[in-house]
Amino acid sequence: MSDSNLFVALRAAFPADLDEIAVEAVSPHGQALHYAWGDLDRMSARIANLLASLDLPQGSRIAVQVEKSVEAMTLYLATLRAGHVFLPLNTAYQSAEIEYFVGNAEPAVVVCTPKNLGWVSAIAASAGAAHVFTLGEDRDGSLLERAAHFDDLHVPVEKQADELAAILYTSGTTGRSKGAMLSHGNLLTNARMLKDYWGWKAGDVLIHALPIFHAHGLFVAIHGALLNGSKIIWFPKFDPKAAIAAMPRATVFMGVPTLYVRMLAEAALTKEAASHMRLFISGSAPLLIETFKEWQERTGHTILERYGMSETTMLTSNPYSADERFGGQDERRGSTVGFPLPGVDLRVADDAGKELPVGEIGNIQVKGPNIFKGYWRMPEKTAEEFSADGWFKTGDVGRVDERGYVSIVGRSKDLIISGGYNVYPAEIEGYINDMPGVAESALVGVPHPDFGEVGVAVVIAKPGAKLDGEAIIAALKSQLANFKIPKRCFVATELPRNTMGKVQKNLLRDQYKGLFVA
Ligand code: AMP
């Protein structure tokens, strides 16, 4: 066994008594489900043995588009164990999107929900994936049926720290999704860093209410709990009432800002309800200062905001304690994402790559053992995103103050973050521009009280063509995941442009910023 296989490190942190409960979940019918640590070990061993029986080359991609379940988490653990590469896909993705991911990643195995088997198998077959399994949210499907015939002991495959563990697809301004390649070493160093930094301790219990196709729920939350041998209270979907009701039995909650806003709307959220909790963590999108303050008033807890991305996992965090290693300050400051994590170097640079003085706004660039290995089969794109001296260009714009706190002020890549999900304008614009009668389009993010931000499209018709905004939205709905659909679509006569011919999205954002908020 090699200790560079992430699974080996996670498994080593399981409690000695494998009969202890590791995960408390609820079935789709409301039945309580309890998984012991031994169950996670045996289930993942069976699936790893099933994968091993397929005789795949090491490092094969295992593409997974299934509803959140504890079994889906064990499929992730099994993939690590078997030495393959986990490729999670958002459950909202439709066939055009899956076709692109499967075509690009060329997975050897595709796992989908039973209801999607028909169209997913067709895509998998045309991309040369030899094996398709199903996994339902009610522990049904062929994956577990087949795995049940395999042994529940499995020796993890040896892995070097720089071998791949996962690929997370993320988009750029070009609209083409890129697969960020993360190694066992990337993920393990980040998980270990966070275990220390956030003071994980014996007796911690995590409320897991995030999706597991994204770095936040899959890596930050799952690795955090498993590496600490901590029990997880597992919710397949976020329900604010249920999350609040779980707080007296838990200590750690991780959420995107939208989840905090939803819990604040519940009368049950009180100081008493949150009194057993140790730590509330927020990330993936900016936490509004109003939410930060309201949470403090209502619960007595100060949310700890952190910042990261698929390509890097976690980069910065507000402090958990005043430990000297972490800057000696214990103040969690709203509207900031805290300090670079130990081992992470962060600088703010101008467009030429020159480091800017303290307080100045510029491009955030990072270095560290957690920075990904590049974009899958896109060496040119990878090279573009790194400076000549090895800094990764995050695409985020921000500043560092004199005390060392980092703030994100914008996104050079124009990303819209709606309810914690990334929407890349160029991708949606591409679909709109392909519609009959459309000359061009622009998508901008505007503030929204529930989702943080939503997309608003502005569309220009070809001469003589008549366009209808509602019809454009309806057409997009059949092609794209719901979170990417613009909330409004306006037909205009021209797009504002600067002298260089670039669309001035800032003017559009200003024009529509009051659509959903006062
Ligand atoms: P993803 O790759 O989906 O994790 O998205 C990464 C992007 O989310 C980052 O590049 C940031 O733009 C944004 N992001 C993540 N955390 C924060 C935060 N705490 N505040 C502001 N933006 C954030």
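Reader: I'm new to this one, so what volume does the largest cavity have?
Author: The largest cavity has a volume of about 90 Å³, and I should say at the outset that this is a predicted model.

Reader: And how many cavities of 30 Å³ or more does a search of the whole structure find?
Author: Searching the whole structure turns up two cavities of 30 Å³ or more, and the second largest cavity has a volume of about 40 Å³.

Reader: Back to the largest cavity, which residues line it?
Author: Its lining includes Leu 187, Leu 194, Trp 198, Trp 200, Phe 219, His 223 and Met 314. The elements that contribute two or more residues to this lining are helix 7 (184-197), helix 8 (215-227) and strand 14 (313-317).

Reader: How many nonpolar, polar and charged residues are in that lining?
Author: By class, the lining of the largest cavity holds eight nonpolar and four polar residues, with no charged ones.

Reader: What about the second largest cavity, which residues and elements line it?
Author: Among the residues lining the second largest cavity are Ala 63, Val 64, Gln 65, Leu 89, Ile 98 and Cys 112, while strand 3 (61-65) and strand 5 (109-112) are the elements that give two or more residues to it. That lining divides into eight nonpolar residues, one polar residue and no charged residues.

Reader: Switching to the ligand, which residues come nearest?
Author: There are 16 residues around the ligand, and of these His 214, Arg 306, Ser 310, Asp 396 and Asn 422 come nearest.

Reader: Which atoms pair up there, say for His 214, Arg 306 and Asp 396?
Author: An N or O atom in the side chain of His 214 is 2.9 Å from an oxygen atom of the ligand, whereas for Arg 306 a polar backbone atom is 2.8 Å from a nitrogen atom of the ligand. In the case of Asp 396, a polar side-chain atom lies 2.5 Å from an oxygen atom of the ligand.

Reader: How much of the ligand does the protein bury?
Author: The protein buries 95% of the 500 Å² that the ligand exposes when taken alone.

Reader: Which strand gives the most to the shell around the ligand?
Author: Strand 13 gives the most, with five residues, and both strand 13 (304-309) and strand 19 (406-411) supply at least two residues of that shell. In terms of domains, the shell draws at least three residues from each of domain 2 (198-299) and domain 3 (304-411).

Reader: How does the shell divide into nonpolar, polar and charged?
Author: The shell around the ligand has seven nonpolar, five polar and four charged residues.

Conventions
Residues numbered from 1 in each chain as written. Predicted model: local features only at pLDDT ≥ 70, side-chain atom pairs only at ≥ 80, totals over all residues. Heavy atoms only, no water. Near = heavy atom within 4 Å. Polar contact = N/O pair within 3.5 Å; in protein donor to acceptor, adjacent residues only side chain to side chain. Areas by Shrake-Rupley, 256 points an atom, 1.4 Å probe, with all protein chains shown as cover. Helix = DSSP H or I, 4+ residues; strand = E, 2+ residues; numbered from the N terminus. Nonpolar A, V, L, I, M, F, W, Y, C, P; charged D, E, K, R; others polar. Domains from an automatic or database assignment. 1 Å grid on protein atoms, 1.4 Å probe; cavity = no way out; pocket = protein on both sides within 12 Å on 5 of 7 lines; lining within 4 Å. Points joined across faces, edges and corners; volume = space filled by probe spheres on them.
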